[in-house]
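The following note is offered for consideration alongside the sequence and coordinates. Its points concern surface patches and one buried side chain's surroundings.

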Amino acid sequence: LRVTLGEAARYLGQRRLNFIRVEPRVRRNDAALTLDVEFFITRGPRVFVERIDVEGNSTTLDRVVRREFRIAEGDPFNPRQIRAAAERIRALNFFSNVEVNAREGSAPDQVVIDVDVEEAPTGSLGFGANYSIEDGLGFAVTFNERNFLGRGQFIGLTFNSSPDNQEYTFNFREPKLLGRDLAFGFLASYRETSGVNDADFDTQTIVLSPSVAFPLSENGRLQLRYRVSQEEISDVSADSSRILAAEEGQELRSEIGYTYSYDTRRTGLNPAAGVLLQFSQDIAGFGGDSQYVRTTARALAERRVAREEVTLRAAVEGGALNMLDDGASRITDRFRISSRQFRGFSGGGIGPRDLNAANRDALGGNYYAVARFEAEFPLGLPEEYGVRGGAFFDIGSLWDLDNAQGGPQGPFVAGNEIDDSFHLRSTVGVSLFFDSALGPLRFNFSHPLEKQSYDRTRSFDFTISTRF
């Protein structure tokens with residue numbers, strides 16, 4: 001049975017056993033080369049919190065600091081809860097320095113908690129550039145304020161531009177709605193694409209999405225959201241598939257969804273390892289023009305071994321799109337796999353493809369599954385060079401269409417059907433990581449082991465991102 005001091009104190013507090021101390025005592029066992037840990041539960045003096053004083057917060061409101069305490073004036077004094085509150089205040093990243101101390105109050109059984117903070121800048125204006133073979137050279141302008149008007153709220157504005165893509169995003173987040181551990185968020189975005197991933201059509205998407213999120217356990221969190229969007233497909237080339245031609249036009253989406261996340265990468269007991277588990281579903285049909293259920297899941301794990309010099313990573317993700325009406329899914333609804341999700345292939349390089357169309361556009365798929373395995377390790381060079389090596393293996397597939405017979409337009413013609421079956425693809429490769437003055441560079445050299453004849457592969461890829 002594995003128990004931490006925090007868990008033991010929390011267990012006693014839930015049973016209203018106040019003024020109890022949990023003290024660990026460690027004994028060395030030199031013969032077995034082990035440590036024996038015993039927890040002693042003792043009764044301490046009856047001391048209460050008289051008041052909590054906050055000083056130095058010239059910008060941040062008092063209540064933003066006070067809400068990180070799980071105790072209030074008049075509650076029993078618990079040193080462990082005070083230390084935990086101090087760590088939560090530091091984790092806000094609103095202050096350059098945080099000092100939390102307890103001193104005797106107006107009586108021997110009263111304690112005053114002094115919180116001294118120093119404000120730190122919380123806003124940023126960033127100009128960025130990034131480059132990849134798939135997306136080309138792109139620019140970004142971002143404005144973020146993590147402590148808007150001293151209320152602890154987050155506001156972000158982003159503008160991204162690349163040769164085939166433009167996106168504007170507004171993001172707002174209130175982490176403590178109504179003074180509770182309930183986060184409220186609001187997202188608004190506008191995006192235009194033109195021939196992304198060699199596709200001969202344009203898209204325009206407008207999204208509005210409010211959400212709330214709250215913890216279910218120490219590491220588990222649930223987000224509930226509503227999303228309304230307007231999606232338009234236009235300028236489909238005459239050389240494109242009849243499926244894409246049939247999907248041209250504008251549609252309204254109205255969805256409700258949820259995401260459950262379990263994350264131990266920051267709060268786990270082992271600092272050299274962590275996992276992230278996520279499960280999401282979005283259900284469309286509450287108004288709008290389509291009815292479907294989109295389900296996605298992913299699992300990420302990371303561990304440092306060999307004296308923490310080698311990092312092992314594994315990621316598994318997948319998704320399913322199930323239509324609830326008699327209609328067919330659109331290219332904007334179906335899954336498409338990028339080159340970052342599946343190395344060794346171009347963006348939109350795998351999955352169903354209309355070989356009878358002149359441009360052989362990728363059509364996406366209703367189902368996908370990808371697994372990525374990676375190791376990052378030193379190359380024996382001095383650490384100040386910032387150069388490390390890596391090796392990876394990716395495997396997965398993208399498959400299934402609702403109208404794989406060449407589209408709903410006109411009568412079915414033998415030989416026009418599209419192969420949307422499950423075909424496994426796999427890739428091996430090596431990577432070179434370089435922390436350059438321009439930003440972190442990653443070079444991938446890939447070799448597909450399994451592929452279809454019509455897949456579009458990529459043996460070399462690199463990315464760069466920087467902020468200035």
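Which residues gather in a patch of negative charge on the surface? The points below begin with that matter; the model under discussion is a predicted one.

1. The patch of negative charge on the surface is formed by Glu 55, Glu 99, Asp 116 and Glu 118. Of these residues, Glu 118 may be placed within the secondary structure: it lies in strand 5, which spans residues 110–119. Glu 118 is classed as partly exposed because its relative accessibility is 44%, a value between the 20% and 50% cut-offs that bound this class.

2. A second patch, nonpolar in character, covers about 620 Å² of the surface. Its contributors are Leu 379, Leu 381, Tyr 385, Val 430, Leu 432, Phe 445 and Phe 460. Leu 432 belongs to strand 19, residues 425–436. With a relative accessible area of 31%, Leu 432 is likewise partly exposed; patch membership requires over 30%.

3. Arg 330 is located in a loop, namely the one between strand 16 (310–323) and strand 17 (367–378). Is Arg 330 buried or exposed? Its relative accessibility is 4%, and Arg 330 therefore counts as buried, the cut-off for that class being under 20%.

4. The contacts of the Arg 330 side chain deserve a separate remark. The side chain reaches the backbone oxygen of Glu 247 at 2.8 Å. The backbone oxygen of Gly 249 is also reached by the side chain of Arg 330, at 2.8 Å.

Technical notes
Residues are numbered from 1 along each chain as its sequence is written. This is a predicted model: local features need pLDDT of at least 70, side-chain atom pairs count only at pLDDT 80 or more; totals for chains, interfaces and linings use all residues. Side-chain values use heavy atoms; hydrogens and water are left out. Patches are made of residues with over 30% relative accessible area and no salt bridge: like charges are joined within 9 Å, nonpolar side chains (Val, Leu, Ile, Met, Phe, Trp, Tyr) within 5 Å. Accessible areas come from the Shrake-Rupley method with a 1.4 Å probe; for residues, only the protein chains shown count as cover. A salt bridge is a side-chain nitrogen of Lys or Arg within 4 Å of a carboxyl oxygen of Asp or Glu. Lys and Arg count as positive and Asp and Glu as negative; His and the chain ends are not counted. The place of a charge is taken as NZ of Lys, CZ of Arg, CG of Asp or CD of Glu. Helices (H or I, at least four residues) and strands (E, at least two) are DSSP runs, numbered from the N terminus. Buried means under 20% relative accessible area, exposed over 50%, partly exposed in between (1.4 Å probe, protein chains only). A polar contact is a pair of N or O atoms within 3.5 Å; within protein, one must be able to donate a hydrogen and the other to accept it, and residues adjacent in sequence count only if both atoms are side-chain atoms.
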